[in-house]
Every structure is written in structure tokens, then in C-alpha cells.
Amino acid sequence: MRARVLGSSAGGGFPQWNCACDNCVLARAGDPRVAPRTQDSIAVSSRGDRWLLVNASPDVHRQIQDFAGLHPWAARHTPIAAIALTNGDLDHVVGLLSLRESQPLVILSTERVRSGLVDRNAMLRTLARTADQVTWRLLKIGEELVLDDVGVGVTAVAAPGKLPVHLIGLVDPSPEDNVALRIRDLATSRTLVVATAVGSLDGVDALTRGAGAVMFDGTFWTEDELVAPGLGKGHARDMAHVPVGGAAGSLAKLSALSIPRGVYTHINNTNPMLREDSPERADVERAGWEIAYDGLEVVL
Ligand SMILES: [Zn+2]
Ligand SMILES: [Zn+2]
């Protein structure tokens, strides 16, 4: 199985359009210590011809352009066999609107994420121009859904998360609002875990057990990363992102598990580990984990 990080940034991208934090200033200036990154998306394939996208980021058009594996083979064609959504956050779903052009799509999500997107949303009707344009295949927690053309099975695991911001107050929270995915190669049974929004470390042992590689939530280094410099009001865990650093952070926990390959992705532009000469990055690397960049590949 081959997994390619198409976009390794959290929502907003890196640099973020309205941000002049230290990292964004360096990235905008072309400083070699900080590579710009597009927003969260991963492409997975068993044989390397048909692909499963995990999330459809606002940058999907450019991400397809930048990776020849996703280029069409014919006048009207896409090798994207399916798109799995881990939650309804806009940085994970807005790209669907860029994939219209009457292209038939298969979308995997929980029923909650589907209804949060489609119900009362007139714009999503652009993906329903014809009855056969979008095929929703519903992910039920704990049940593997097989994609024969990609050669993988996808199992959703409820992850501690939250409703997308635009649905808060409209519907009650549900365990189906935010999921991690275990993606199993049908030929080898090797498993990739993708967990890009994880609000607490509860259940992380079971989530990652037996995985050959884990791509994990690297959004924030500290709990008050946005609050302390006055960039925002939300703490990391309030936004369903357990921080990487500190004694209660994910690095301390994950690096103690026997995970053959661990990669942090979905990294917010404020996270100091983005800088290649930072002590935070050194901490991650010393613990045996990696920091994703756009184009990073994991083969397992
Ligand atoms: Zn996100
Ligand atoms: Zn910034």
C-alpha cells in the first residue's frame, strides 16, 4: 500500500492568508527552514492506479495537478475511486465542490457527516445534478467497508472530536461527527491509520494497534498556541486537537507505543515544529516520529 500526503497543513494552509505569525512570515519570504504546505489530504492506493482520497481539501485542484498519479487517463476520467471524509470541517470537505463537472464520485462518510453536508445545503446540489453523480457509501463505526478497485478496506473508528463549527447549535453532537480511519491493504492486511483530528488520547492504543504506519494529528504543539499570542480564543483540545508537546501531549504517548512508522500531519501554521531548526522538531525526530510535508510518501 502506498500513501501520499497531498496536503500536510491544518485548515488555513501554510502560510495562512490572514496570518503574519513567525512561521507564516518565514514561509512567505521563502525561508528554506519552513516549506509551505497545502491543506489536509492523503491519497492511498494498494496497486497504485486507483486511489482513495482521505478528505477533499480546499486545495484539491492544485493537489491533483501536483501529483501525476491523480491525473485523468482519458478525456473525461479520474483515477480517484473514492473520497473518505473524516469529519465535516470545511478544510476537509470544501474540495468536493471543486470536483463537480458532472464527474461521478464515490464518497465515504458516516451518516452524520453526510447529512451535515447535504441537508439544507443548496450548494451541495451541484454534486447531485444527475441521479448517479455521487454515490454515498456510509461508514459505520467499527465495520470495514471494502473498496475492491483501490484494494483497501476502510474502517471508521470514533475519535474524540466535535461538530464542524457551522453545525454547532444546529444539531446535537454524535460519536459519528469525527472519525479516524484504519485503511487495510486487502492483499497484505498491512494497515495505515489516519487520525487527523483527535481531541484526546483516550482509545489511542486500540486505534493504532497493529498498524504499520500512523498519520496523526499534528495541529498544535501546545494547548494555548493560539490563545497566548492573541491569535484566537480556542484552546487546542477545545478544537478537538490534542497538542503534540508536553507530558500530556501525543508525542509522549505515541512514541511509547510500538508503531513502526509515525508521521504528524494536519499541522497548523503556528506550530513551531514546522521550522526545521526548532527544538520542537528535534524533540519529534528524537522520539522517532516524522513531520509530514506535501509529497511525503509512506509505503507499507
Ligand atoms: Zn482539519
Ligand atoms: Zn501563521
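Buried means under 20% relative accessible area, exposed means over 50%, and partly exposed is whatever falls in between. Keep that scale handy, because Glu290, at 25% relative accessibility, counts as partly exposed on it. What you're looking at is a predicted model. Here's a tour of its two zinc ions, an open sheet of 7 strands, one helix and some salt bridges.

**Zinc ion (ligand 1)**

- Three residues of the protein hold this zinc ion: Asp91 through OD, His92 through NE2 and His266 through NE2, lying 2.1 to 2.3 Å from it.
- Read along the chain, these donors follow the spacing D-H-x173-H.
- Asp91 and His92 are both buried.

**Zinc ion (ligand 2)**

- Here the coordinating atoms are SG of Cys19, Cys21 and Cys24, plus OD1 of Asn269, at 2.1 to 2.3 Å.
- Along the chain, the donors of this zinc ion are spaced C-x1-C-x2-C-x244-N.
- What geometry does the site of the zinc ion (ligand 2) have? It's tetrahedral, with angles of 100 to 118 degrees among the 4 donor atoms.
- For comparison, the ideal angle for four tetrahedral donors is 109.5 degrees.
- Now for the cysteines: Cys24 has a relative accessible area of 0%, so it is buried.
- Cys19 is buried too, with a relative accessible area of 10%, and Cys21 counts as buried at 12%.
- If you're hunting for disulfides, the structure holds 0 of them.

**The open sheet**

- Seven strands line up in the order E7-E8-E9-E10-E11-E12-E13, and their pairing is mixed.
- Why is one side of E7 and of E13 left without a neighbour in the sheet? Both strands stand at the edges, and each has a single partner strand, so there's nothing in the sheet on the other side.
- E7 (residues 144-147) and E8 run antiparallel, joined by 4 bridges.
- You can spot two of the pairings between them: Leu145 has Val154 as its bridge partner in E8, and Glu144 has Thr155.
- E7 and E8 form a hairpin with 4 residues between the strands, and in it Gly151 takes a positive phi near 85 degrees.
- On to the next pair: E8 and E9 (residues 179-185) also run antiparallel, and 7 bridges join them.
- Across that pairing, Val152 stands opposite Asp185 in E9.
- Is E8 (residues 152-158) mostly covered or mostly uncovered? Mostly covered, since 5 of its 7 residues are buried.

**Helix H4**

- H4 spans residues 111-118, and its buried residues are Val113, Arg114, Ser115 and Leu117.
- Among the elements covering those buried residues are helix H3 (90-93), strand E5 (105-109) and strand E6 (134-138).
- In an α-helix there are 3.6 residues a turn, so residues three or four places apart point the same way.
- Just past the end of H4, Arg120 takes a positive phi of about 65 degrees.

**Salt bridges**

- How many salt bridges does a search of the whole structure find? It finds 16.
- One of them joins Arg4 and Glu297, whose closest N and O atoms are 2.8 Å apart.
- Arg4 sits in strand E1 (residues 2-7) and Glu297 in strand E14 (residues 297-299), so this pair ties together parts that are 293 residues apart in sequence.
- The two partners fall in separate classes on the scale: Arg4 is buried, with a relative accessible area of 18%, while Glu297 counts as partly exposed at 22%.
- Asp277 and Arg33 form another salt bridge, with closest N and O atoms 3.0 Å apart.
- That pair also links distant parts of the chain, 244 residues apart: Asp277 is in the loop between strand E12 (262-265) and helix H7 (279-286), and Arg33 is in the loop between helix H1 (22-28) and strand E2 (41-45).
- Asp277 counts as partly exposed at 40% relative accessibility, and so does Arg33 at 28%.
- Arg261 and Glu290 meet through their side chains in a salt bridge of 2.7 Å, N to O.
- Arg261 lies in the loop between helix H6 (250-254) and E12, and Glu290 lies in strand E13, so the pair ties together parts 29 residues apart in sequence.
- Arg261 is partly exposed, with a relative accessible area of 26%.
- Finally, salt bridges that share partners join Asp31, Arg33, Arg275 and Asp277 into one network.

Note on methods
Residues numbered from 1 in each chain as written. Chains lettered and ligands numbered in written order. Predicted model: local features only at pLDDT ≥ 70, side-chain atom pairs only at ≥ 80, totals over all residues. Heavy atoms only, no water. Donors = N, O, S within 2.8 Å, 3.2 Å for Na, K, Ca; no water. Buried < 20%, exposed > 50% of the residue type's maximum accessible area, 1.4 Å probe, protein only. Contact = heavy atoms within 4.5 Å. Pairing = 2+ DSSP bridges. Tetrahedral: all angles 85-135°; square planar, octahedral: opposite > 155°, others 65-115°. Disulfide = S-S within 2.5 Å. Salt bridge = Lys/Arg side-chain N within 4 Å of Asp/Glu carboxyl O.
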